[in-house]
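Subject: Structure handover

Hello,

Here is the structure I promised to pass on. Please have it open while you read the notes below.

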Amino acid sequence: MRTRPRLSFWQIWNMSFGFLGIQFGFALQNANVSRIFETLGADLKTIPILWIAAPVTGLIVQPIIGHMSDNTWTRFGRRRPYFMIGAILASVALFIMPNSPTLWVAAGMLWIMDASINVSMEPFRAFVGDMLAPEQRTKGFAMQSFFIGTGAVVASALPYIMTNLFNIPNTAPEGIIPPSVKYSFYLGGLAFFLAVLWTVVRTKEYTPEQLKEFEEQEKSHNNMEQIHSEDEITEGSRFVKGSWLWILAGLVLSGAIFHFDLEEELYILSAGVAVFGFIQLITALLINAGKTENGFVVVMNDLFRMPNTMAQLAVVQFFSWFALFAMWIYTTSAVTNHIYGTSDTESALYNKGADWVGVMFAVYNGFAAIVAFLLPVIARYTNRRITHMISLIAGGLGLISVYFFQDPYLLIISMLGVGLAWASILSMPYAILTGSLPAHKMGTYMGIFNFFIVIPQILAASILGYFVSRLANGEAIYALVLGGCSFLVAALTVLFVKDADEKLIKEKQKHSSDEI
């Protein structure tokens, strides 16, 4: 029985290079979209609602694309067609986004841009599981972290570079996006397309038959978790029982929000709870009608039958991504107000602070790129769980420290901690996860795993506006402190995760040492 071949450094480099472009899109989005929204008239309270497009899009798109790519095979491969389609659409969206004439056009373009980026990004995660042997997956996801960090360094700092090196204005009349931001998005669109094209051209995928053979061989050497039968469909009655509880909880929560006249964005949370109940009810109806091959049913069935390792990692992801979303939404407002002392989006001081946020984001992404290859070394001498825990603690302390610094240059120290956490978040959970997943469902489960990135983001968009306006007196800096605490909780929950590949990796490391 054939084993999955070990790939060379440059083969892993080529298969991961597309993430350089993907991160150009995400970094420009994360560092500048709040700025674009504020420029077009959004107030601090409504920004989280406008950001809801990104996580909702990922919630819908990623499992669909994952399931489709699992069941795709063309002469262009299994995952690569999705890389290319997403790259073309995202590049076009990056050119249009900074030319949005109104706030709601910008919000709509964020939705389209994020959907397009997700079409490219989701198959890249499954790609590592497809192409690499278990002992190389940590290195593969670390390589992705390197390209994510490298791309984000340049992309996050582009408006600052445009202004300070090329004298392109970073201010504009009211309601107009500054030229420095526009040209940054144009360059980002070009970089996105070319980087993904490199991976598509330079990488060859294994056939479904080869992947099945590799999976059978790996199953014989480790204890890949099996839940009943991998393709067994859960009875419809199980979905029905849970559906009514979720629907009732959503209605009660909506009633409480209305009765106590709470923030309107909290309806996103209550509606999400009720909608999940209705989704379970629809799933039950489809199962009872015999439509068990329906992609919607397959995704929901796999969600309820996920491996234990995936469920444990879901908790870690929840708290990790809540922290990240708090940072992405509120760093611009927190730094310009808490450090620079202004909230006037037309002032030179505000735009100086906003540009510095771009530099801060470049620093954490750059540090993530530098330490990406250090993480597998740390994991070799400890394990992947301990490595991830240490990294999340550093991220939590980094976010909390922003509150205590008044000198903008000291925020660089804060971002080093965030950068270590970011590098680990992009690699360690996925490296641990792939060892517990069947190869023929790798894309589907990677898409489902994205739920536990998206759900905390939707929660953040629902409650952070209320938290900042009602509980923090409009001080956005406290959203960052809350995010730091969430990182620390995530670090604690890592200790309860079981790594299915841990024993196999240690045995191979021992065997390699004995040979030497």
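What follows is a short tour, from the overall fold to single residues.

Please keep in mind that this is a predicted model.

**Overall picture**

The protein has 22 helices and 0 strands. Its radius of gyration is 22 Å, and the globule rule gives 24 Å for 516 residues. The two values are close, so the protein is as compact as a globular protein of that length. Along the principal axes, the C-alpha atoms fill a box of roughly 65 × 60 × 40 Å.

Of the 516 residues, 60% count as buried. The accessible surface comes to about 20,600 Å². Carbon and sulfur atoms hold 67% of that surface. Now take the contacts with a separation of 6 or more: residues 24 or more positions apart account for 83% of them.

**Salt bridges**

Side chains of opposite charge can pair when their charged atoms come close. A search of the whole structure finds 8 salt bridges. Three of the pairs are described here.

Start with R78 and D130. Their closest N and O atoms are 3.3 Å apart. The pair links distant parts of the chain, 52 residues apart. R78 sits in the loop between α4 and α5, while D130 belongs to helix α6 (residues 103-131). Are the two partners buried or exposed? R78 has 5% relative accessibility, which is under the 20% cut-off, so R78 counts as buried. D130 is buried too, because its relative accessible area is 3%. Both residues also belong to a wider network of salt bridges, which links D70, R78, R79 and D130.

Next comes E205 with R80. Here, too, the closest N and O atoms are 3.3 Å apart. E205 lies in the loop between α8 (179-202) and α9 (208-219), and R80 lies in helix α5. The two are 125 residues apart, so to speak of distant parts of the chain is fair. E205 is buried at 7% relative accessibility. R80 is buried at 13%.

Then there is R384 with D499. The closest N and O atoms are 2.8 Å apart. R384 is in helix α16 (residues 384-401), and D499 is in the loop between α21 and α22 (502-515). The pair therefore ties together parts that are 115 residues apart in sequence. Relative accessible area is 4% for R384, which is buried. D499 is buried as well, at 8%.

**A serine in helix α21**

S486 lies in helix α21 (residues 477-493). With a relative accessible area of 6%, S486 is buried. What does its side chain meet? A polar atom of that side chain lies 2.6 Å from the backbone oxygen of F319. Beyond its neighbours within four places in sequence, S486 is in contact with F319, F322 and A323.

**A valine in helix α4**

V56 lies in helix α4 (residues 53-70). Leaving aside neighbours within four places in sequence, V56 is in contact with W111, V454 and I458. V56 and I455 are 399 residues apart in sequence. In space they are 8.4 Å apart, C-alpha to C-alpha.

**A surface patch**

I88, V92, F95 and I96 form a nonpolar patch on the surface. Together they have about 340 Å² of accessible area. One of them, I96, lies in helix α5 (residues 80-96). I96 is partly exposed, with a relative accessible area of 39%.

Best wishes

How values were computed: Residues are numbered from 1 along each chain as its sequence is written. This is a predicted model: local features need pLDDT of at least 70, side-chain atom pairs count only at pLDDT 80 or more; totals for chains, interfaces and linings use all residues. Side-chain values use heavy atoms; hydrogens and water are left out. Patches are made of residues with over 30% relative accessible area and no salt bridge: like charges are joined within 9 Å, nonpolar side chains (Val, Leu, Ile, Met, Phe, Trp, Tyr) within 5 Å. Accessible areas come from the Shrake-Rupley method with a 1.4 Å probe; for residues, only the protein chains shown count as cover. A salt bridge is a side-chain nitrogen of Lys or Arg within 4 Å of a carboxyl oxygen of Asp or Glu. Helices (H or I, at least four residues) and strands (E, at least two) are DSSP runs, numbered from the N terminus. Buried means under 20% relative accessible area, exposed over 50%, partly exposed in between (1.4 Å probe, protein chains only). Contact means heavy atoms within 4.5 Å. The radius of gyration is taken over C-alpha atoms; the globule rule is 2.2 Å times the number of residues to the power 0.38. A polar contact is a pair of N or O atoms within 3.5 Å; within protein, one must be able to donate a hydrogen and the other to accept it, and residues adjacent in sequence count only if both atoms are side-chain atoms.
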